[in-house]
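Please open the structure in your viewer and keep the selection panel within reach. We will go from stop to stop, choosing what to display as we go.

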Amino acid sequence: MTKAISEHPIDLCDIRFTAGISIIIPTYQEAANIPYILKRIDTLRQARDLTLEVLFMDDDSRDGSVEAVAAAGFDWARIIVRKADRGLSPAVIEGFEAARYPVLICMDCDLSHPPEAIPNLVLGLHSSQQFVIGSRYVPGGSTDDDWGFFRWFNSFVATVLARPLTAVRDPMSGFFAMRKSDFDAARDLNPVGYKVALELIVKCSFENVGEVPIHFTDRQHGESKLTLIEQLKYIQHLRRLYMHKFSGMMYLLQFLFVGASGVVVNLAVLSLLVLVGLPEWFCLAAGIGVSLCTNFLLNRRFTFSYARREPVLRQFLGFVSASLLGLVVNYAVALSLRMNVLEDGPFALQLAALAGIAAGMGFNFLGARYLVFRKRFVRR
Ligand SMILES: Nc1nc2c(ncn2[C@@H]2O[C@H](COP(=O)(O)OP(=O)(O)OP(=O)(O)O)[C@@H](O)[C@H]2O)c(=O)[nH]1
Ligand SMILES: [Mg+2]
């Protein structure tokens with residue numbers, strides 16, 4: 001369930017009574033922005049009489065960021081220079097671990113996220129929301145006008161791909177609030193790339209996620225670090241989150257995906273050998289044999305990747321044996337259809353092979369999932 005605060009007015013308690021707010025800001029070469037963001041946070045702090053700390057989680061930028069924090073002279077702001085496990089998400093996670101107050105805020109350093117919206121995020125937590133996002137895509141939210149088509153499309157596709165994981169409208173946002181106690185209770189966090197909010201929503205199984213409208217301003221100083229590599233990592237991250245949320249279903253889906261690639265391999269090999277003039281019984285068997293090998297390799301690498309450090313030969317023999325029933329079914333169905341039902345006509349042999357594949361697939365999945373790649377085979 002997600003709610004935009006603007007759509008659901010809440011009982012406005014004064015956030016001064018929040019015991020304290022830890023604002024975590026991941027940074028890489030943001031020296032030029034640090035004085036501005038600290039000034040705006042300080043103005044907010046004084047206006048609302050807030051207890052807060054700011055933690056810059058810096059990946060050893062060496063661009064004067066450390067000096068910029070020191071020069072600002074705020075005893076509530078510090079910078080932690082990280083030298084290992086670099087990356088935006090690990091930096092945020094480490095910052096959350098180091099935070100000392102019960103409310104956590106994450107935001108970018110480039111002033112894209114308005115610090116003035118922090119009270120609204122905190123109020124969301126007060127109104128029993130578990131996670132509150134500063135959102136561009138709820139009523140009242142916006143972005144600067146000069147977002148070109150590519151940037152907009154990019155953000156749109158990324159959001160749509162995350163849709164089965166959460167109904168939140170802006171899960172890509174790097175501006176959000178949550179309780180430290182919820183973070184401390186989170187298990188199995190493993191974010192890659194940029195989408196730390198999505199990781200937390202899925203892994204913490206948050207149901208009650210709020211969205212506060214913000215205006216997202218384009219950065220004025222410094223450069224974007226959102227590279228193509230980071231965007232590709234998002235696909236890897238999504239796959240992990242899908243596995244986490246829909247594990248049983250995802251095994252089957254990926255198995256079917258691999259199976260579909262096996263169909264192509266099977267038909268290609270079979271058709272090639274028919275062209276060469278080899279006997280049909282051999283072509284059918286060779287198509288099955290080659291696709292069996294490619295299916296095994298792909299399932300080992302992707303579908304059941306948790307078991308991919310097991311000895312490959314033993315696993316392959318297991319895969320072949322466990323698939324034997326499926327193979328026999330496949331071959332028997334294909335051959336008998338070819339001899340009794342699909343005797344003539346274009347692609348009769350290929351159609352018979354397809355029916356055999358479908359019948360054998362069910363047996364193969366059960367064998368692979370529960371015998372060959374079953375979890376207790378995996379060494380810890
Ligand atoms: N610690 C750390 N921070 C990072 C890293 N990459 C980016 N950041 C910070 O994460 C925040 C978001 O990065 P941006 O480069 O602004 O990415 P973006 O907001 O998606 O892209 P733009 O809209 O082009 O600014 C900024 O505060 C960056 O300094 C990193 O590898 N390590
Ligand atoms: Mg940015």
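What follows is a short tour of the bound ligand and the empty spaces in this model.

Before we start, note that this is a predicted model, where local features need pLDDT of at least 70 and side-chain atom pairs count only at pLDDT 80 or more, while totals for chains, interfaces and linings use all residues. Residues are numbered from 1 along each chain as its sequence is written, chains are lettered from A and ligands numbered from 1 in the order in which they are written, and side-chain values use heavy atoms, with hydrogens and water left out.

**Stop 1: ligand 1**

Select ligand 1 and show the residues near it (a heavy atom within 4 Å). You should have 18 residues, and Glu30, Asp110, Arg219, Ser224 and Lys225 come nearest. Sorted by class, the shell holds eight nonpolar, three polar and seven charged residues; here Ala, Val, Leu, Ile, Met, Phe, Trp, Tyr, Cys and Pro count as nonpolar, Asp, Glu, Lys and Arg as charged, and the others, Gly among them, as polar. Strand E2 (21-27) and helix H3 (88-98) each bring at least two residues to this shell. Such elements are DSSP runs numbered from the N terminus: helices (H or I) of at least four residues, strands (E) of at least two.

Now draw distances from ligand 1 to N or O atoms of the protein. An oxygen atom of the ligand lies 2.8 Å from an N or O atom in the side chain of Asp110. Two further distances involve the backbone: a backbone N or O atom of Tyr28 is 3.0 Å from a ligand oxygen, and one of Met57 is 3.0 Å from a ligand nitrogen. How much of ligand 1 does the protein bury? Taken alone, the ligand exposes 630 Å², and the protein buries 88% of that (Shrake-Rupley method, 1.4 Å probe).

**Stop 2: the largest pocket**

Hide the ligand and look at the space it takes, which is the largest pocket. Pockets and cavities are found on a 1 Å grid over the protein atoms alone: a cavity is a set of points where a 1.4 Å probe fits but cannot get out, a pocket is an open set with protein on both sides within 12 Å along at least five of seven lines, and lining residues have an atom within 4 Å of a point. The volume of this pocket is about 1,300 Å³, counted as the space filled by probe spheres set on the points. Of its 47 lining residues, Tyr194, Lys195, Ser224, Lys225 and Leu226 are closest to the centre. Colour helix H5 (149-162) next: H5 gives the most to the lining, with eight residues.

**Stop 3: the second largest pocket**

Move to Arg239, Arg240, Met243, His244 and Ser305, the closest to the centre among the 18 residues lining the second largest pocket. About 520 Å³ of space lies here. Helix H8 (228-245) gives the most to this lining, with five residues.

**Stop 4: the cavities**

Finally, find the two cavities of 30 Å³ or more. For the largest, select Ser291, Asn295, Asn330, Ile357 and Asn364, which lie nearest its centre among 17 lining residues. This cavity holds about 200 Å³, and its lining has eight nonpolar, nine polar and no charged residues. The second largest cavity has a volume of about 30 Å³; its lining includes Asn266, Leu270, Asn330 and Ile357.

Key
A polar contact is a pair of N or O atoms within 3.5 Å; within protein, one must be able to donate a hydrogen and the other to accept it, and residues adjacent in sequence count only if both atoms are side-chain atoms. A molecule sits in a cavity or pocket if more than half of its atoms lie within 2 Å of its grid points.
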